[in-house]
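Student: I've never read a structure like this before. Could you show me how to go about it?

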Amino acid sequence: MTATATAETMRDRFARVTSELLDEDPRLAVVLAEIGLAGFARARRRHPDRIINVGIREQLMISVASGMALSGMRPIAHSYTPFLIERPFEQVKLDLAHQGVGAVLVSVGASYDASDSGRTHQAPEDVALLGSLPDWQIHVPGHPDEVELLLHDAVAGDGNVYLRLAAQANARPMPIEPGRFHIVRLGSAATVIAVGPTLERTLEATADHDVTVLYASTVRPFDGDTLRTELRSPAVILVEPYLQGTSAMWVSEALRDTPHRLLSIGVRRMEHRHYGTPEQHDEAHCLDVASLRHRIGQFLEA
Amino acid sequence: MTDAIAVPQRDSLGYDDLPRLIALMTGDEKHSTSADSTLDVLWVLYDRVLKVSPDTADDPDRDRFLLSKGHGPMSYYAVLTAKGFIPIETLPAFGTYDSPLGHHPDRMLIPGVEISSGSLGHGLPIAIGLALGLQAQERLGRVIVLVGDAELDEGSNHEAIALAGRMGLDRLTVVVVDNRSATYGWPGGIAGRFEIEGWAAATVDGRDHGALAAALTTEHRGQPNVVVAEVEKGA
């Protein structure tokens, strides 16, 4: 399946590549709230002025990133998903785009990498929340190589970018282009959009169906052009590793003048009081191979 | 009303013109108490303290002033007008649909305004990042933030007060305009809240221009600085 087959995790790659970029780009800074500090220990000795630890103060982490951007720097803020996006959401809303400045927010933990830590460490709502704000680019890479490419792209720009890292990854990277869906295969019965780490399980679950599979490593802006261009059938299936239906409105917008029907698969909206493994949570949300095969099969027969 | 419109040319505007500039926005000589409480501090900052002018508003080495307490910004707009950042003709449309001057300032609409504020408790945390960013780039420039005593209720300020003190951010100054409007108050005094976190602190009469200027220009190496400017209760 999609367990961590690669030696280096997305988070490892993020810390390594960011440390290299700090050597090359004097505008770059990293703002942390304790979490993630270990990955930057060496870089921090070289660049003490540009790796800032604010302590366990997440509102301040985002505001400090804002201030650094206002001073002309390119800040990256990094933490666990709920503490990066949800807890300081007003700072994300008012201190970045509203001030006319940008930052790169890099989360770890995805929806439920910390499945055994419970609800407090899980944030399947993150993409929906950030997606409610204007001018955010949201990347959901499926492999450490994609993290590296997307990180380089994000740091080189000035806008607001969210990079959502996960412990679950695909075994192989895709030849992605930031902002565009990648056509993995073409078929005529349906168009399946698989986001980030859900790609390989989606390919396995749809192996017996003649469907188009589009791979999304960027979900905002949503590449409605590719969806429209490649559409061969009214059936569209979204497989997202965060809150179910998060991108449904963008499918609807892209296909506003085209009769279609949509199956949205993703993390279900519920207080899910279970611990265990991420794979068990995948099963609970129908994001495992068997559930995907079953639900997609049913939808295509309907 | 007719007096209020009779404002001299921009290059000769001074402190005594501020009430009439405010009147251009409010439509009469009466204006919001919140605007009034900050008037003297704002004037002293732009007249005697800050190294910034319309010509240097984009200079990376300029001093930055962050009005965190964005409520009642008429005094701020009046001072910015007197100092040439805002054209006088802009004032009468204050608060209307196409005016750059809203009831909370927006940095994207007014040259010289460093942050868009309105929601309390954002200015001081942003100022820390600004100070750290200027330091990392070896830039000159102080960062001065104005907050209200009631604004200190917001927890985000206390994240910032603790960190700035520990980091010894000496290019950072906070002016707390204290009109005792915080419902639950600050037993032991506002200055003490900063001092215990490692700040240099002074408490002065918020109407005394000389005392304000002195406190705002005192060197405080290795420490951030807070100036508590006391004004009349409810001003």
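Student: Which residues in α3(A) meet residues in α6(B)?

Tutor: Count two residues as in contact if their C-beta atoms, placed from the backbone, lie within 7 Å. By that rule, α3(A) brings Q59(A), L60(A), S63(A), V64(A), A65(A), S66(A), G67(A), M68(A) and L70(A). They meet P125(B), I126(B), A127(B), I128(B), G129(B), L130(B), L132(B) and G133(B) in α6(B). By class, this contact of α3(A) with α6(B) has eleven nonpolar residues, six polar and no charged. Here Ala, Val, Leu, Ile, Met, Phe, Trp, Tyr, Cys and Pro count as nonpolar, Asp, Glu, Lys and Arg as charged, and the others, Gly among them, as polar.

Keep in mind that this is a predicted model: local features need pLDDT of at least 70, side-chain atom pairs count only at pLDDT 80 or more, and totals for chains, interfaces and linings use all residues. Residues are numbered from 1 along each chain as its sequence is written, while chains are lettered from A and ligands numbered from 1 in the order in which they are written.

Student: And at roughly how many degrees do the axes of α3 of chain A and α6 of chain B cross?

Tutor: Two packed helices are described by the angle between their axes and the distance between the axes. Helix α3 of chain A spans residues 58–70 and helix α6 of chain B spans 123–136; their axes come within 6 Å and cross at roughly 50 degrees. So α3(A) is oblique to α6(B) (under 35 degrees is roughly parallel, over 145 roughly antiparallel, 65 to 115 roughly perpendicular, the rest oblique). Axes are lines fitted to C-alpha atoms, for helices over the stretch in contact, with angles from 0 to 180 degrees between N-to-C directions. The crossing of α3(A) and α6(B) is right-handed (the near helix is turned clockwise from the far one by less than a right angle; anticlockwise would be left-handed). The helices and strands are DSSP runs, numbered from the N terminus: H or I over at least four residues, or E over at least two.

Student: How many residues does the contact take from chain A and from chain B?

Tutor: Chain A gives 25 residues and chain B gives 23. On the chain A side, α3 and α5 (89–95) are the elements that give two or more residues. The largest share, nine residues, comes from α3(A).

Student: α6(B) also packs against α7 of chain B. Is that crossing of α6(B) and α7(B) left-handed or right-handed?

Tutor: Left-handed. The axes of α6(B) and α7 (residues 155–167) of chain B come within 8 Å and cross at roughly 35 degrees. L124(B), P125(B) and I128(B) of α6(B) make the contact, along with α7(B) residues including S156(B), N157(B) and L163(B).

Student: Now the sheets. In what order do the five strands of the chain B sheet come?

Tutor: Strands of a sheet pair through backbone hydrogen bonds, either parallel or antiparallel. In chain B the open sheet runs β1-β2-β3-β5-β4, with parallel pairing (strands pair if DSSP finds at least two bridges between them). β1 (64–67) and β4 (200–205) of chain B are at the edges with a single partner strand each, so one side of each has no neighbour in the sheet. Six bridges join β2 (residues 143–148) of chain B to β3(B), and V145(B) has V174(B) as its bridge partner. β4(B) and β5 (residues 225–230) of chain B are also linked by six bridges.

Student: Are the residues of β3 of chain B buried or exposed?

Tutor: Seven of the seven are buried, so β3 (residues 172–178) of chain B is largely enclosed by the rest of the structure. Buried calls for 20 or more other C-beta atoms within 10 Å of a residue's own, exposed for 12 or fewer, and partly exposed is in between. Both faces of β3(B) are covered, with L172(B), V174(B), V176(B) and D178(B) on one side and T173(B), V175(B) and V177(B) on the other.

Student: What is the pairing in the chain A sheet?

Tutor: Mixed, in the order β7-β9-β8-β11-β12 of chain A. Within it, β8 (residues 191–195) and β11 (residues 235–243) of chain A pair in the parallel sense over four bridges. Helix α12 (residues 289–301) of chain A lies across β11 and β12, at about 150 degrees to β11(A).

Student: Which backbone oddities should I look for?

Tutor: Most residues other than glycine have a negative phi, and most peptide bonds are trans. Yet the bond from R220(A) to P221(A) is cis, with omega near -10 degrees. D135(A) has a positive phi near 65 degrees, and counts as exposed because 11 C-beta neighbours lie inside 10 Å. C286(A) has a positive phi of about 65 degrees too, but with 18 other C-beta atoms within 10 Å, C286(A) is partly exposed.
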